[in-house]
Amino acid sequence: RMASRQVLVRHLHAVESLGCATVICTDKTGTLTAGIMKVREVWPADNLTILKSAASCCDAELNTDGTGIGDPTELAILTAARELGMERQVIENTFPRKTVIPFDSILMFMAIEREDGIWYVKGALEALTLRCDNMPKDIQTAAADMALKGLRVLAVATGSGSAPEHLTMLGLIGMADPPRPEAIAAVAAARQAGVRVVMI
């Protein structure tokens, strides 16, 4: 009967214990979600400047068919930039890279200096706040609002000089990985059965 419902069981006692389950722990990306990050919001609403600056600080490669190689966050930025007529390859050809500071989990940002003499920086808001001389009014509130919507928040800044310091904060990009339709139904069914679902 289980096989007819496309259930493959290696150890029967594992299935029997499911009847006692009260909590299901799951990961998010690719399990509950489609595994495709997408830009949902830009703050303030100056999409062109913020997305162009963010696209100038990416390593991912976006193909003409919309697929790509690299970090899903960067692919989402490049896709949104493409929708506004900006291509990373054009940026690379027009203003080649001079210096690259790869993303680091301690620094929490990535920075690229280009031939135009500008540093393009993207990363965690708290990390860039320490490196910016100006902070737009209400940026913390905007970041909190994006986070409450379940968006991943990325700050974007630019500056000039010998290092990515004394930057100008441009704004925020809010991204989300859309949930799988079948995951929504599965979580709803689990809750209805009294099983708590925890995303790890």
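**A note on the two largest pockets**

1. Let me start with the secondary structure around the largest pocket: β10 (167–176), α7 (181–192) and β11 (196–199) each contribute at least two residues to its lining. Of these, α7 provides the largest share, with four residues. Please keep in mind that this is a predicted model.

2. How much space lies in the largest pocket? The volume comes to about 380 Å³. Its lining is made up of 19 residues, and those closest to the centre are K28, L32, T33, P179 and M199. If you would like a place to begin in the viewer, these five residues mark the middle of the site.

3. On chemistry, the lining of the largest pocket has twelve nonpolar residues, along with five charged and two polar ones.

4. Next comes the second largest pocket, with a volume of about 300 Å³. Here 16 residues form the lining, and I36, M37, L75, A76 and T79 are the ones closest to the centre.

5. Which elements give two or more residues to the lining of this second largest pocket? They are β2 (38–43) and α3 (72–83). The biggest contribution is from α3, which supplies six residues.

6. Sorted by class, the lining of the second largest pocket holds nine nonpolar residues, five polar and two charged. For your own side-by-side look, the corresponding split for the largest pocket is twelve nonpolar, two polar and five charged.

Notes: Residues numbered from 1 in each chain as written. Predicted model: local features only at pLDDT ≥ 70, side-chain atom pairs only at ≥ 80, totals over all residues. Heavy atoms only, no water. 1 Å grid on protein atoms, 1.4 Å probe; cavity = no way out; pocket = protein on both sides within 12 Å on 5 of 7 lines; lining within 4 Å. Points joined across faces, edges and corners; volume = space filled by probe spheres on them. Nonpolar A, V, L, I, M, F, W, Y, C, P; charged D, E, K, R; others polar.
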